[in-house]
Amino acid sequence: ICLTPNYFGDMVKRETGIGPKELINRKVLAIAKSRMLAPDATVKETALSLGFQYPQHFVRFFKKETGLTPPEFKRTTG
């Protein structure tokens, strides 16, 4: 789109109030939560479908953002 990364980041922040990385993380987390609520969802399938190379990275990301591991989240909200 012919924008420098800095200019793009500034535009996103101006429009949304948050930086692009945070915006992406929020969207990934929303999708992850939705998928983890499916009865047959597994951590591995969810992680791979969201582009995480390893399920452990997804678990670390999820816990950092929510304070819960995906199985804990599933138990407390399911």
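Buried residues account for 24% of the 78 residues in this protein, and the model they sit in is a predicted one. The fold is all helix: five helices, zero strands, so to speak a plain α-α-α-α-α run from the N terminus on. A compact globule of 78 residues would come out with a radius of gyration near 12 Å, but here the value is 15 Å. Along the principal axes, the C-alpha atoms fill a box of roughly 40 × 25 × 20 Å. As for contacts between residues at least 6 apart in sequence, 36% of them join residues at least 24 apart.

**The core**

Which residues make up the largest nonpolar core? There are eleven: Val28, Leu29, Ala32, Met36, Ala47, Leu50, Phe52, Phe58, Phe61, Phe62 and Phe73. Helix 2 (20–36) and helix 4 (55–66) each put in at least two of them, and helix 2 has the largest share, with four residues. This fits a broader habit: in soluble globular proteins, nonpolar side chains tend to be buried together.

Alanine 47 is a handy place to look at the packing. Leaving out residues up to four places away in sequence, alanine 47 touches Phe52, Pro55 and Phe58.

**Helix 4, inside and out**

Helix 4 has twelve residues and spans 16 Å from its first C-alpha to its last, close to the 16 Å expected at 1.5 Å a residue. Its buried residues are Phe58, Phe61 and Phe62. They cover an arc of only 95 degrees around the axis, so they lie on the same side of helix 4. The general background is simple: an α-helix has 3.6 residues a turn, so residues three or four places apart point the same way. Flip to the other side of helix 4 and you find Gln56, Arg60 and Lys64 exposed.

What do the buried residues of helix 4 pack against? Their partners are helix 2, helix 3 (43–49) and helix 5.

Phenylalanine 61, in helix 4, is worth a closer look. With a relative accessible area of 13%, phenylalanine 61 falls under the 20% cut-off and therefore counts as buried. Not counting residues up to four places away in sequence, phenylalanine 61 touches Asn25, Val28, Leu29 and Phe52. Go 16 residues along the sequence from phenylalanine 61 and you reach threonine 77, 18 Å away in space, C-alpha to C-alpha.

**The aromatic rings**

Phe52, Phe58, Phe61, Phe62 and Phe73 form one aromatic cluster. How many aromatic pairs are there? The count comes to four. Two of these pairs are set out here.

| Pair | Centre distance | Plane angle | Arrangement |
|---|---|---|---|
| Phenylalanine 52 and phenylalanine 61 | 5.6 Å | 40 degrees | tilted |
| Phenylalanine 62 and phenylalanine 73 | 5.4 Å | 70 degrees | edge-to-face |

Why is the pair of phenylalanine 62 and phenylalanine 73 called edge-to-face? The planes of phenylalanine 62 and phenylalanine 73 stand at 70 degrees, and the cut-off for edge-to-face is over 60, so the label follows. This pair links distant parts of the chain, with phenylalanine 62 in helix 4 and phenylalanine 73 in helix 5 (residues 70–77), eleven residues apart.

Are phenylalanine 52 and phenylalanine 61 buried or exposed? Both are buried. The other pair is tucked away too: phenylalanine 62 is buried at a relative accessible area of 0%, and phenylalanine 73 is buried at 9%.

**Around the helix ends**

Two glycines turn up just past helices. Helix 1 (residues 5–16) has twelve residues and reaches 16 Å from its first C-alpha to its last, close to the 16 Å expected at 1.5 Å a residue. Just after helix 1, glycine 17 takes a positive phi of about 90 degrees. Helix 4 is followed by glycine 67, again with a positive phi, near 85 degrees.

Where does threonine 69 sit? Threonine 69 is in the loop between helix 4 and helix 5. Despite that loop position, threonine 69 is buried, with a relative accessible area of 18%. Setting aside residues up to four places away in sequence, threonine 69 touches Val59, Phe62 and Lys63.

Methods: Residues are numbered from 1 along each chain as its sequence is written. This is a predicted model: local features need pLDDT of at least 70, side-chain atom pairs count only at pLDDT 80 or more; totals for chains, interfaces and linings use all residues. Side-chain values use heavy atoms; hydrogens and water are left out. A nonpolar core is a set of buried Ala, Val, Leu, Ile, Met, Phe, Trp, Tyr and Cys residues joined through side-chain atoms within 4.5 Å. Buried means under 20% relative accessible area, exposed over 50%, partly exposed in between (1.4 Å probe, protein chains only). Contact means heavy atoms within 4.5 Å. The expected span of a helix is 1.5 Å times one less than its number of residues. Rings of Phe, Tyr and Trp (its six-membered ring) pair if their centres lie within 6.5 Å; planes under 30 degrees apart count as stacked, over 60 as edge-to-face and the rest as tilted. The arc is that of the directions from the helix axis to the C-beta atoms. The radius of gyration is taken over C-alpha atoms; the globule rule is 2.2 Å times the number of residues to the power 0.38.
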